[in-house]
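These are my notes from a first look through a structure that was new to me. I set down what I looked up, in the order in which I looked it up.

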Amino acid sequence: MQVHSISLNDFTDNNYHLIGIHSALEDYRLAYMFNLYLNLDFIRSKTDLDFKNRKNNASYSLYEYINEATDNYWFLISNIYKAQIKNSVASLFFENETSIRLIPEKKGVDFFLKLEGNFSNRDIDKTIDMINKIPQIITSYKIDTNKLKSKEVLIF
């Protein structure tokens, strides 16, 4: 009798591109700047990316734009969640703020732009050039998704 095994790779869709963005802007402000400079129409998703572990819960903001004419999907995802951790020791400050990263191996990245659909390398390069021209953006660049250890968090 033949046995068929299923792995996580059977359910993943690697038909997406990922751009890392460094910026001090708030998420809603960055979405507005993309709408303004890139002529997009990002809206806040009805649900955020929520993750729970034994230490804390994290919720990462998610904005989306769907181009129905080309059947392309754009997602703007925050890489940082700021959590309030209460101190057990009585001190002057009862809470500390710590940052929890969606993708820990990309600590310097503030936001990810996930592009799903038929994007050529030329389209990606053109998008990165346009993003880098936005005054409040420090830099943006292509990220090789095959080298990410925690890419499963980008499956949604």
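**Entry 1: pockets**

How much space lies in the largest pocket? I looked this up with the caution that the model is a predicted one, and I found about 320 Å³ of space in the largest pocket. I then asked which residues line this pocket, and of the 16 that do so, I noted E26, S78, I80, K82 and F111 as the closest to its centre. Turning to the elements behind the lining, I found that strand 4 (57-60) and strand 7 (80-86) each supply at least two residues, and that strand 7 gives the largest share, with three residues. By residue class, I recorded the lining of the largest pocket as six nonpolar, four polar and six charged residues.

I went on to the second largest pocket, for which I noted about 230 Å³ of space. Its lining is made up of 13 residues, and the ones closest to its centre are L38, L40, W74, F119 and T127. When I looked for the elements that give two or more residues to this lining, I found strand 5 (62-67), strand 6 (72-78) and helix 2. Helix 2 gives the most to the lining of the second largest pocket, and I counted four residues from it. I wrote down the classes here as well: the lining of the second largest pocket divides into six nonpolar, five polar and two charged residues.

**Entry 2: the sheet**

Next I looked at how the strands are arranged, and I found an open sheet of six strands in the order 2-5-6-9-1-10, with antiparallel pairing. Which strands form the edges of this sheet? I identified them as strand 2 and strand 10, each of which pairs on one side only. I reminded myself that strands of a sheet pair through backbone hydrogen bonds, in either a parallel or an antiparallel way.

I followed the order of the sheet from strand 2, which pairs with strand 5 in the antiparallel sense over two bridges. Within this pair, I found R44 with Y63 of strand 5 as its bridge partner, while I43 stands opposite E64 in strand 5. I then moved on to strand 5 and strand 6, whose antiparallel pairing runs over six bridges, and I noted one of the matches, in which L62 has I77 in strand 6 as its bridge partner. Strand 5 and strand 6 form a hairpin with four residues between the strands, and there I noted that D71 takes a positive phi near 60°.

**Entry 3: salt bridges**

How many salt bridges does a search of the whole structure find? My search gave four, and I followed up some of them, beginning with R44, the residue I had already met opposite Y63 in the sheet.

The side chain of R44 meets that of D27 in a salt bridge, at 3.9 Å from N to O. I checked where the two partners sit: R44 lies in strand 2 (residues 43-44) and D27 lies in helix 1 (residues 27-37), so their salt bridge ties together parts that are 17 residues apart in sequence. I also looked up how accessible each partner is, and found R44 partly exposed, with a relative accessible area of 41%, whereas D27 is buried, with a relative accessible area of 16%.

R44 forms a salt bridge with D48 as well, and there the closest N and O atoms are 2.9 Å apart. I noted D48 as partly exposed, at 25% relative accessibility.

Another entry on my list was the salt bridge between D125 and K142, in which the closest N and O atoms are 3.3 Å apart. I located D125 in helix 2 (residues 121-132) and K142 in strand 10 (residues 137-143), and I noted that this pair links distant parts of the chain, 17 residues apart. For both partners I looked up the accessibility: D125 is partly exposed, with a relative accessible area of 36%, and K142 counts as partly exposed at 39%.

Finally, I asked which residues are joined into one network by salt bridges that share partners, and wrote down D27, R44 and D48.

Key: Residues are numbered from 1 along each chain as its sequence is written. This is a predicted model: local features need pLDDT of at least 70, side-chain atom pairs count only at pLDDT 80 or more; totals for chains, interfaces and linings use all residues. Side-chain values use heavy atoms; hydrogens and water are left out. Buried means under 20% relative accessible area, exposed over 50%, partly exposed in between (1.4 Å probe, protein chains only). On a 1 Å grid over the protein atoms alone, a cavity is a set of points where a 1.4 Å probe fits but cannot get out, and a pocket is an open set with protein on both sides within 12 Å along at least five of seven lines; lining residues have an atom within 4 Å of a point. Grid points are joined across faces, edges and corners, and a volume is the space filled by probe spheres set on the points. Ala, Val, Leu, Ile, Met, Phe, Trp, Tyr, Cys and Pro count as nonpolar, Asp, Glu, Lys and Arg as charged, and the others, Gly among them, as polar. Two strands pair if DSSP finds at least two bridges between them.
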